[in-house]
Amino acid sequence: MPRKTTVSDETVGQAVDALVQEGLDPTLERVRSKLGGGSYTTINRVLAAVLEKRQTHATQISEVPSDLVEIGQRAVAAIYAAVQRQAASKIELIETNSRKLIDAANHARAEAALEIERLEKEAEQAAEALASSQRATQEALTRAERAEATSQAAQAEIQRLERAIVGAQADAQSARESDQEAQKRAARSEEARRAFETDTRKEIDGLQKSLSQAEAQISIAHEKVERLTQAVQSSEVETTQLRQERDQLQGRVAKAEAGVEAAQAELQKTSKALERAQEGERRARDEAAELRGQLKAGDDKGKK
């Protein structure tokens, strides 16, 4: 660590004495060099005071001839004037350089403030984009979960309809056991078939609407996933968690699509089963009519 320069009347006087002994004028720069550094303003002020004090002291020495005193006074005055001029020039140069440095520093500080403000705005925009992407991801996940639940409900309804169709087929088989029972069962089966057909049609229509809604939700989820993917690709703050959430969302959407396709296949099977049930009902009615015809023919023979 450099030693701090002490600027005082004593040290400046010692520097002046050393310069005079070397036959040199005690200028501001030479005094400062002897001191090993220091403030130009402080050294100039102390040097002026030292030289003025020595000039005053010289005039008070009575033993010195007046002409020598006058010569000494002129020399000191000339040295002081030269020191003052050099100091003023040096101070002006220092002030000019200082102003330039201050102006440059102020300009750099203003540019840095503008850059900081721009970076802060970019950081806020990036944070808003990330929050928006997270909200979009959550909404898409919710829609995908709803679509999956709708698909599962549709599958359950289709299974229930299949069991109902099996029951209707069993009823139609039992209707063929006897003519009278067949007539009664045929009548009940006809009413049940109509009611069942009406209810089944309603349920099928409901399932088709549910499937349409699920497909629409899946389409919306696809759009959300696409927008989310684009937002994630364009964002500079993409995180591993966000990519995992996107992958999970795509997996759920794919699962929901598979569920919808399965529901459509089951719906087609249900429609075919309904058609088979209707065909069975027609055959039951035909058999009942044939039995009635045979009974009637037997009765006619008995009467004859």
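**Exercise 1.** Find which residue forms a salt bridge with aspartate 9, and how distant the two are along the chain.

*Solution.* A salt bridge is a side-chain nitrogen of Lys or Arg within 4 Å of a carboxyl oxygen of Asp or Glu. The partner of aspartate 9 is lysine 53, with the closest N and O atoms 3.9 Å apart. Aspartate 9 lies in helix α1 (residues 9–21) and lysine 53 in helix α3 (residues 40–59), 44 residues apart, so the pair links distant parts of the chain. Helices are DSSP runs (H or I, at least four residues), numbered from the N terminus.

This is a predicted model, in which local features need pLDDT of at least 70, side-chain atom pairs count only at pLDDT 80 or more, and totals for chains, interfaces and linings use all residues. Residues are numbered from 1 along each chain as its sequence is written, and side-chain values use heavy atoms, leaving out hydrogens and water.

**Exercise 2.** Classify glutamate 148 and lysine 255 as buried or exposed, and state what their salt bridge ties together.

*Solution.* Buried means under 20% relative accessible area, exposed over 50%, partly exposed in between (1.4 Å probe, protein chains only). Glutamate 148 has 18% and is therefore buried; lysine 255, at 52%, is exposed. Their side chains meet at 3.1 Å, N to O. Glutamate 148 belongs to helix α4 (residues 66–174) and lysine 255 to helix α6 (residues 240–303), so the pair ties together parts 107 residues apart in sequence.

**Exercise 3.** Describe the salt bridge of glutamate 279 with arginine 282.

*Solution.* The closest N and O atoms are 2.4 Å apart. Both residues lie in helix α6, three residues apart, about one turn of the helix. Glu279, Arg282 and Arg283 are linked in a network of salt bridges.
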